[in-house]
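Subject: Handing over a structure, with notes

Dear colleague,

I am passing this structure on to you, and below it you will find my notes on what turned up when I went through it. Please read them with the structure open beside you.

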Amino acid sequence: MEEQFIIRQAEFVTSAGLGGQYPEPLPCEIAIVGKSNVGKSSLINRLANNQKLAKTSAQPGKTRLVNFFLLNKALYLVDLPGYGFAKASKTEQKSWGELLERYLSSGRVKHLLMLIDIRHAPTQDDLQMFRYLIYYNIPYTLVATKADKIAKSKRKQEANKRAKELGAPPFALPFSSETGEGKAELLQRIGQIFGDCIPKEKESAEE
Ligand SMILES: Nc1nc2c(ncn2[C@@H]2O[C@H](COP(=O)(O)OP(=O)(O)OP(=O)(O)O)[C@@H](O)[C@H]2O)c(=O)[nH]1
Ligand SMILES: [Mg+2]
């Protein structure tokens, strides 16, 4: 069982648009996908205990670039623009889609945190995103955000229901950036992912 990934240090490194450069890759890079306003940037802030790290907004369409955050000088956590923001212009929607596609197809990402709103059935865009990550065989964890918005007694059940509706095995982690619920579990998960990114010297020596 891997340790929790305890975030001792978190810093913003760079933003990249369509023509932009990504930083030199590290062995571990985790990115966050989900529809606009689902709480991607807020989740980063809650994990890092820093409300000013990633910019958030009550209006969808806040994050418009690929934003790289460096944790403990060892792991990149990447905040991505959301999809499915109907009010954005067609040109904007297209360029955000291209940004996401360019990033995901770069082969950098080791694991995706896919966020879904605990209260709502997945949208067509969520289903498309999920099919994409299955097709490209990208390891993922489903996180059901805004858990504080529904009764405590229903959280686990509703989170798992969202996963089933996506067509995934029936588990999603209930999470709230508002209260910190699910933070310890998510950091545990990130600890496992981080452990998997680092080559196991002992095992390879025994082969
Ligand atoms: N109640 C509650 N509100 C949340 C939670 N997470 C995010 N929010 C709110 O939801 C809104 C959107 O949050 P963001 O973190 O900016 O969402 P995003 O997914 O980064 O959105 P884009 O950058 O537009 O793709 C903000 O008003 C947040 O305060 C949560 O767990 N509980
Ligand atoms: Mg955002």
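A convenient place to start is the right-handed β-α-β unit that is made by β5, helix α3 (residues 124–135) and β6. Please keep in mind throughout that this is a predicted model.

**The sheet**

The two strands of that unit run parallel and are joined by six bridges, and within this pairing Asp-117 has Thr-145 in β6 as its bridge partner. They belong to an open sheet of seven strands with mixed pairing, in which the order is β1-β3-β4-β2-β5-β6-β7. At the edges of the sheet stand β1 (10–16) and β7 (173–174), each of which pairs on one side only.

Strand β5 (residues 111–117) also pairs with strand β2 (residues 29–34), in the parallel sense and over five bridges. Along this pairing Ile-30 stands opposite His-111 in β5, while Val-33 has Met-114 in β5 as its bridge partner. As for burial, six of the seven residues of β5 are buried, so this strand is largely enclosed by the rest of the structure.

Strand β2 is likewise mostly covered, since six of its six residues are buried. In a regular strand the side chains alternate between the two faces of the sheet. In β2 both faces are covered, with Glu-29, Ala-31 and Val-33 buried on one side and Ile-30, Ile-32 and Gly-34 buried on the other. Besides its pairing with β5, strand β2 is joined to β4 by four bridges, and these two strands run parallel; there, the bridge partner of Ala-31 is Val-78 in β4.

**Helix α1**

Between β2 and α1 lies a loop that contains Asn-37. Most residues other than glycine have a negative phi. The phi of Asn-37, by contrast, is positive, near 80°, and this residue counts as buried, because 21 C-beta neighbours lie inside 10 Å and the threshold for burial is 20 or more.

Eight of the nine residues of α1 are buried, so the helix is largely enclosed by the rest of the structure; the buried ones are Lys-40, Ser-41, Ser-42, Leu-43, Ile-44, Asn-45, Arg-46 and Leu-47. What covers these buried residues includes the strands β2, β3, β4, β5 and β6, together with α5 (183–197). After α1 comes Asn-49, whose phi is also positive, near 55°.

**A second loop**

Another residue other than glycine with a positive phi is Lys-73, where the value is near 55°. Lys-73 is found in the loop between β3 and β4 and, unlike Asn-37, counts as exposed, because only 10 C-beta neighbours lie inside 10 Å and a residue with 12 or fewer is classed in that way.

**The ligand and Thr-63**

Around ligand 1 there are 24 residues, and the closest of them are Gly-39, Ser-42, Thr-56, Thr-63 and Gly-82. By character, this shell divides into four nonpolar, 14 polar and six charged residues. Its largest share, three residues, comes from helix α1 (residues 40–48).

Which residues does Thr-63 touch, if those up to four places away in sequence are not counted? They are Lys-40, Ser-41, Lys-55, Asp-79, Leu-80, Pro-81 and Gly-82. Thr-63 itself is found in the loop between α1 and β3 (66–71), and it is buried, because 22 other C-beta atoms lie within 10 Å. Thr-145, which we met above as the partner of Asp-117, is 82 residues apart from Thr-63 along the chain, and the C-alpha atoms of the two are separated by 17 Å.

With these notes the structure is yours to look through.

Best regards

Note on methods:
Residues numbered from 1 in each chain as written. Chains lettered and ligands numbered in written order. Predicted model: local features only at pLDDT ≥ 70, side-chain atom pairs only at ≥ 80, totals over all residues. Near = placed C-beta within 6 Å. Nonpolar A, V, L, I, M, F, W, Y, C, P; charged D, E, K, R; others polar. Contact = placed C-beta atoms within 7 Å. Pairing = 2+ DSSP bridges. Right-handed = clockwise from strand over helix to strand, strands pointing away.
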